[in-house]
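Please look through the structure below with the sequence at hand, and follow the paragraphs one residue at a time.

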Amino acid sequence: MMFQVHAQSFKTSTQNGVDLRQYKTFKVEKGELATGGVRKIDEEAFFTEFKSFVVRELESKGYVYSQEAAEATVSYVVELSTQLESEDLGPLGGTPVDNAALVDQPNHWSREFTRGTLIIDMTDVAKKGTVWSATGTMDVTKAKGAKLLDRCVRKAFKKFPKRKK
């Protein structure tokens, strides 16, 4: 069994019949971090960085940040989990052997890594329902600082529509 994990692969979905360009103002609210003890994350620092990246992306598309008069709310859920990736390459593993005793030896590899999932939701404040979401999964084993989060937020909002003028 092999898992494919890509650092910046995001799937987005918009509620049927909703034109996201109708929203003018938005705010960013603190979401949830479910680390399961895999890694300690400073929740305040994460929220501050997430908020600044979302504000940058949405303002660049013509939306206005307003904590008091927002029409839409952006939030997040982060989940971290330890994963084991392994593969059995078969008795020869595609590598020639020079010793007859090695012919029937299986070639197997595995690695343990930390998988992170980021879900970004946009909710209509008046209707209290999700109107847009983006979900991405990535290997965060060696991730440090805000660079990965920045790239993920950019990728998630890449196809988000520009606001009508």
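In this predicted model, E57 touches V153, R154 and F157, when residues up to four places away in sequence are not counted. The place of E57 is in helix α1, and with a relative accessible area of 10% E57 is buried, because the cut-off for that word is under 20%. E57 is one of several buried residues in this helix, which also include F46, F47, F50, F53, V54, V55 and L58.

Helix α1 itself covers residues 43-59, which makes 17 residues, and from its first C-alpha to its last it reaches 24 Å, close to the 24 Å expected at 1.5 Å a residue. What caps the N-terminal end of α1? The cap is D42, which has a side-chain oxygen lying 3.1 Å from the backbone nitrogen of E44.

Two residues of α1 lead on to the next stop, since K51 and V55 are among the contacts of Y65 once neighbours within four places in sequence are left aside. The other residues in contact with Y65 on that basis are F26, K27, V28 and E59. Y65 lies in strand β4, which is made up of residues 64-65. Is Y65 buried, partly exposed or exposed? With a relative accessible area of 24%, Y65 is partly exposed, because this value falls between the 20% under which a residue counts as buried and the 50% over which a residue counts as exposed. The side chain of Y65 makes a polar contact with the side chain of K51, at 3.1 Å, and another polar contact with the side chain of Q67, at 2.5 Å. Y65 can also be placed relative to K24, for although the two are 41 residues apart in sequence, their C-alpha atoms are 8.6 Å apart in space.

A similar look at E29 takes the reader to the loop between β2 (25-28) and β3 (32-34). E29 counts as partly exposed, because its relative accessibility of 35% lies between those two cut-offs. Leaving aside neighbours within four places in sequence, E29 is in contact with F47, T73, V74, S75 and Y76, and F47 is one of the buried residues of α1. Between the C-alpha atoms of E29 and Y76 the separation is 8.1 Å, while along the chain the two residues are 47 apart.

From single residues the path now turns to empty space. Rolling a probe the size of a water molecule over the atoms shows where empty space is left. In this model the count comes to one cavity of 30 Å³ or more, and the largest cavity has a volume of about 40 Å³. Its lining is formed by L20, Y23, K24, T25, F26, Y63, A72, M122 and F160, and these residues divide into seven nonpolar, one polar and one charged. Two names in this lining have appeared before: K24 was placed relative to Y65, and F26 is in contact with Y65.

Finally, the reader can step back to the whole protein chain, where the secondary structure comes to two helices and seven strands, following the pattern β-β-β-α-β-β-β-β-α along the sequence. Of the 165 residues in the chain, 35% are buried. Among contacts between residues at least 6 apart in sequence, 77% join residues at least 24 apart.

How values were computed. Residues are numbered from 1 along each chain as its sequence is written. This is a predicted model: local features need pLDDT of at least 70, side-chain atom pairs count only at pLDDT 80 or more; totals for chains, interfaces and linings use all residues. Side-chain values use heavy atoms; hydrogens and water are left out. Helices (H or I, at least four residues) and strands (E, at least two) are DSSP runs, numbered from the N terminus. Buried means under 20% relative accessible area, exposed over 50%, partly exposed in between (1.4 Å probe, protein chains only). Contact means heavy atoms within 4.5 Å. A polar contact is a pair of N or O atoms within 3.5 Å; within protein, one must be able to donate a hydrogen and the other to accept it, and residues adjacent in sequence count only if both atoms are side-chain atoms. On a 1 Å grid over the protein atoms alone, a cavity is a set of points where a 1.4 Å probe fits but cannot get out, and a pocket is an open set with protein on both sides within 12 Å along at least five of seven lines; lining residues have an atom within 4 Å of a point. Grid points are joined across faces, edges and corners, and a volume is the space filled by probe spheres set on the points. Ala, Val, Leu, Ile, Met, Phe, Trp, Tyr, Cys and Pro count as nonpolar, Asp, Glu, Lys and Arg as charged, and the others, Gly among them, as polar. The expected span of a helix is 1.5 Å times one less than its number of residues.
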